[in-house]
Amino acid sequence: MHPQMPPKVALPGVKQLIAVASGKGGVGKSTVAVNLALALQLQGQRVGLMDADIYGPSLPMMLGLGVMDPQRTAFPVEKFGLRVMSMGFLPDAGRGVLMRGPMVAKYVTGFLTQIDWGNLDVLVIDMPPGTGDAQLSLAQTVVVSGAVIVTTPQDVSLIDARKALNMFGELRVPVLGTIENMSYFVGDDGKRYEIFRHGGGRKLAADCGVPFLGELPIDPRVAECGDAGVPIVQRFPDSPISKAYLVLASTVTQQLHEKKAAEALPEVQL
Amino acid sequence: MTVTLRPLSLRRDGERLVIAWSDGFTGAISLRKLRDSCPCASCNEKRQQPPNPLHLLSDAELKADAPTPVAMPARGLYAYQIVWNDGHDTGIYTIEYLRQLSERA
């Protein structure tokens, strides 16, 4: 096959594809992606999770997985009932991956087309920060049903989130809405503290005319769980934040149905 | 978000590509114009250079017939890639660009 030619059918058994994105790094995309995936699964869906962050894959650690022998491992790997693929499974990735954009594009396209994801209701894609090769490859290779934009409350995060929203607009990928992560903290005194200010996610949604999907509180256990390899929705399903993730999963599912998932472009008759 | 304009059908009609749009407009683009408007980086650069009267035709250019797309797969939701009979295939034509090139059919 010619390297530039897209494959005929990408992800034939996958019904919906959700990209979890943000322009900025460090807002909790991977945390949201993994916990959203688990929440969708708790609601009875068959879910896959693809790490499109080729330079800085976080999902393996968050799921308690590590480097694997690609000769002996059948990808995607199963963990907590999720089918998972990440650059972090490949032996060289741990040392840092030095590569130019076209190689990133090759890996992202490869994850989407060379890996047998089987039948899934939803494939959640954890996007890297920025608006570059990984995002373009994704949008050129598959029909993305919808994107969710993760942001933190403060204005600095909104600058980049807005860029991500514009990018999806240009790529005609429907935006399901914005999520405000690290929105507030409830102390032992029961009081609500807005550590990183408040309302950015809602403001962004209003400015850009997309739905606001909800707020996720700060809970120190999220970081502990991530580092220990058992995400909070799996470890503490009854915690307030896990409940927030379940609500988020329902909202996302509802948005996908309401938006009538993106319609593929017509075939050209030559 | 606003309702976006989209193509309902695209078909080759002789030396033209005819596109029917969701707003009721039907437009056509001649294949020559489509080839000459290739938006890829190298074609963009070529167009920016002054015409060279001493340009020597390459083998591919000499052998090429009238430009004809041999494949035109959709790329995601926003563009089509055109694979031409001269082997050139790096042009990704966005929906907006195709509309811009369309003339009333």
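Which residue of β1(B) is the bridge partner of Gln269(A)? Arg11(B) takes that spot, and we'll get back to that pairing below. First, keep in mind that what you're looking at is a predicted model. Chain A has nine helices and eleven strands, and eight of those strands form one open sheet. Chain B has a sheet to look at as well, made of three strands. Here's a tour, topic by topic.

**Chain A as a whole**

- The radius of gyration of chain A comes out at 18 Å, close to the 18 Å that the globule rule gives for 270 residues, so chain A is as compact as a globular protein of that length.
- If you drew a box around the C-alpha atoms of chain A along the principal axes, it would be roughly 65 × 40 × 35 Å.
- Of the 270 residues in chain A, 47% count as buried.
- Take the contacts in chain A with a separation of 6 or more: 79% of them are between residues 24 or more positions apart.

**The eight-stranded sheet of chain A**

- To trace the sheet in chain A, follow the order β3-β4-β2-β5-β1-β6-β7-β10. The sheet is open, and its pairing is mixed.
- At the edges stand β3 (77-79) and β10 (212-215) of chain A. Each has a single partner strand, so one side of each is left without a neighbour in the sheet.
- From one strand to the next, the twist averages 25°.
- Strands β1 (residues 14-21) and β6 (residues 146-151) of chain A run parallel, paired over four bridges. To spot them on screen, look for Ala21(A), which stands opposite Ile149(A) in β6(A).

**A closer look at β2 of chain A**

- Is strand β2 (residues 47-51) of chain A mostly covered or mostly open? It's mostly covered, with five of its five residues buried.
- A quick reminder helps here: in a regular strand, side chains alternate between the two faces of the sheet.
- In β2(A), Val47(A), Leu49(A) and Asp51(A) are on one side, while Gly48(A) and Met50(A) are on the other. All of these are buried, and both faces of the strand are covered.
- β2(A) runs parallel to β5 (residues 120-126) of chain A, joined by five bridges. In that pairing, Leu49(A) has Val124(A) as its bridge partner.
- β2(A) also runs parallel to β4 (residues 82-85) of chain A, this time with three bridges. Here Met50(A) is partnered with Met85(A).

**Helices in chain A**

- Helix α6 (residues 200-208) of chain A lies across β6, β7 and β10 of chain A, and runs at about 155° to β7(A).
- Helices α1 (residues 29-42) and α9 (residues 240-258) of chain A pack with their axes 8 Å apart, at an angle of about 75°. Angles of 65 to 115 degrees count as roughly perpendicular, and α1(A) and α9(A) therefore fit that description.
- On the α1(A) side, the contact is made by Asn35(A), Leu36(A), Ala39(A), Leu40(A) and Leu42(A). On the α9(A) side, Tyr245(A), Leu246(A), Leu248(A), Ala249(A) and Val252(A) do the job.
- Sort the residues of that contact by class and you get nine nonpolar, one polar and no charged.

**The small sheet in chain B**

- The three strands of this open sheet follow the order β5-β6-β8 in chain B, with antiparallel pairing.
- β5 (74-75) and β8 (92-94) of chain B are the edge strands, and each pairs on one side only.
- Strand β6 (residues 79-81) of chain B pairs with β8(B) over three bridges, in the antiparallel sense. In this pair, Tyr80(B) has Tyr93(B) as its bridge partner.

**Where the two chains meet**

- How many residues of chain A are in contact with chain B? There are 23, and they touch 20 residues of chain B.
- α4 (133-141), α5 (155-170) and β11 (268-269) of chain A each supply at least two residues to the side that touches chain B. α4(A) gives the most, with three.
- By class, this side of chain A has 14 nonpolar, seven polar and two charged residues.
- Back to the opening pair: β11(A) and strand β1 (residues 7-13) of chain B pair in the parallel sense over two bridges.

Definitions and conventions
Residues numbered from 1 in each chain as written. Chains lettered and ligands numbered in written order. Predicted model: local features only at pLDDT ≥ 70, side-chain atom pairs only at ≥ 80, totals over all residues. Axes fitted to C-alpha atoms, helices over the stretch in contact; angles between N-to-C directions. Parallel < 35°, antiparallel > 145°, perpendicular 65-115°, else oblique. Contact = placed C-beta atoms within 7 Å. Nonpolar A, V, L, I, M, F, W, Y, C, P; charged D, E, K, R; others polar. Pairing = 2+ DSSP bridges. Buried ≥ 20, exposed ≤ 12 C-beta atoms within 10 Å, placed from the backbone. Rg over C-alpha atoms; globule rule 2.2 N^0.38 Å.
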